[in-house]
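Dear colleague,

Please find below the sequence and structure that I am handing over to you. A summary of what was found follows them.

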Amino acid sequence: MKTRKPFQNFQVDHMTLLLQPELYNVAFVTFHVIFGVGPDDLLYEKRKKWTDSTDEESMTYAVRLGTGANPNPELNNTIVAVVQPSEPKKQSSHVREMLDGHQAAAHWQHIALRTPDLLAFHKHALERGVQFITPILKDEEEDLIQVFSGEWFYPGIKSSGMFFEFLQREPSDSETQAVQNMNRESWFRDKTFLGLYGEKEREYQTGKVTPFLPDELFHKLHKEFGAKKIWQIKPKDLELAEEIMLQFGKK
């Protein structure tokens, strides 16, 4: 059997997310409010003045979503899950639609972010208006619980095909029981990959793809922050963004 060489021991370094300008600033405040990005977690923000007659524009920024290494070596794996449109060509397939719709041979569908407390994060995100397409699910084969978010896009534009999975490995018995109590109807129905696959298929067949942020909330945030430069969004603005999200979440 082939042995992995030291230089082939890959870990996730970073992920690059391409966004339309309308989503750029809303994503910036969302990373701070939902994902807990602080001042020290804004690793860089780079700008360029494209012509003499225009203002500087932000080209890119990088945010840190977490730090540290887990003492359990099994939790330090870097994993790529690969999916193909396996349905007959005459049958609808959201995977095929994602690929063909973006005229792509490959497409990063979702990013899985591991948290030490999924129940707390899920509550935090729901209270701030984030939409999920599944309840928290318990994997049948692995010792983990997981939930999948809506896609990152905004009103009036084609859905992106990109979303987040949030997961917790090795949940305690009480956490597993709490999830089961929350989702008795779905506990034995929609399981992990096949449950997600079926939900995405339903979305793409109906044309009603759930966004990460509801349209109304997106409009509120974009109206407040869309015209600002990234470097003009200050801590008081982020506090306002969170208040807007919390007020919306109460609905």
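**Findings**

Tyr 44 is a convenient place to begin: this residue lies in strand S1, which covers residues 42–48. Please keep in mind throughout that the model is predicted. Tyr 44 has a relative accessible area of 38%. Because this value falls between the limits of 20% and 50%, the residue is classed as partly exposed. Away from its immediate neighbours in sequence, that is, leaving out residues up to four places away, Tyr 44 touches Thr 60, Tyr 61 and Ala 62. The C-alpha atom of Tyr 44 is also 7.6 Å from that of Val 63, although 19 residues separate the two along the chain.

**Two packed helices**

Two packed helices are described by the angle between their axes and the distance between the axes. Here helix H1 (residues 21–33) packs against helix H7 (residues 215–225) at an angle of about 95 degrees, and their axes are 9 Å apart. H1 is therefore roughly perpendicular to H7, since an angle from 65 to 115 degrees is described in that way. Which residues in H1 and H7 meet? From H1 come Glu 22, Leu 23, Asn 25, Val 26 and Val 29, and from H7 come Phe 218, Leu 221, His 222 and Phe 225. By class, the residues of this contact comprise 6 nonpolar, 2 polar and 1 charged.

**A cavity and a pocket**

Rolling a probe the size of a water molecule over the atoms shows where empty space is left. The search gave 1 cavity of 30 Å³ or more, and the largest cavity holds about 80 Å³ of space. Its lining includes Leu 23, Val 26, Ala 27 and Thr 30, together with Glu 151, Trp 152, Phe 153, Tyr 154 and Pro 155. Phe 212, Leu 213 and Phe 218 also line this cavity. Which element gives the most to the lining of the largest cavity? The answer is H1, with 4 residues. The lining of the largest cavity is made up of 10 nonpolar, 1 polar and 1 charged residues.

The second largest pocket contains about 260 Å³ of space. There are 13 residues in its lining, and those nearest its centre are Phe 28, His 32, Leu 42, Ile 233 and Leu 238. H1, S1 and helix H8 (235–249) each contribute at least two residues to the lining of this pocket. By class, the lining of the second largest pocket has 9 nonpolar, 2 polar and 2 charged residues.

**Helix H2 and two residues with positive phi**

Helix H2 spans residues 94–101, and its buried residues are His 94, Val 95, Arg 96, Met 98 and Leu 99. After H2 comes Gln 103, in the loop between H2 and strand S3 (110–114). Gln 103 is not a glycine, yet its phi is positive, at about 50 degrees. Is Gln 103 buried or exposed? Its relative accessibility is 77%, so Gln 103 counts as exposed, the limit being over 50%.

Glu 170 likewise has a positive phi without being a glycine, here of about 55 degrees. This residue is found in the loop between strand S6 (163–169) and helix H4 (173–182). With a relative accessibility of 45%, Glu 170 counts as partly exposed.

Yours sincerely

Definitions and conventions. Residues are numbered from 1 along each chain as its sequence is written. This is a predicted model: local features need pLDDT of at least 70, side-chain atom pairs count only at pLDDT 80 or more; totals for chains, interfaces and linings use all residues. Side-chain values use heavy atoms; hydrogens and water are left out. Buried means under 20% relative accessible area, exposed over 50%, partly exposed in between (1.4 Å probe, protein chains only). Contact means heavy atoms within 4.5 Å. Axes are lines fitted to C-alpha atoms, for helices over the stretch in contact, and angles run from 0 to 180 degrees between N-to-C directions. Angles under 35 degrees count as roughly parallel, over 145 as roughly antiparallel, 65 to 115 as roughly perpendicular and the rest as oblique. Ala, Val, Leu, Ile, Met, Phe, Trp, Tyr, Cys and Pro count as nonpolar, Asp, Glu, Lys and Arg as charged, and the others, Gly among them, as polar. On a 1 Å grid over the protein atoms alone, a cavity is a set of points where a 1.4 Å probe fits but cannot get out, and a pocket is an open set with protein on both sides within 12 Å along at least five of seven lines; lining residues have an atom within 4 Å of a point. Grid points are joined across faces, edges and corners, and a volume is the space filled by probe spheres set on the points.
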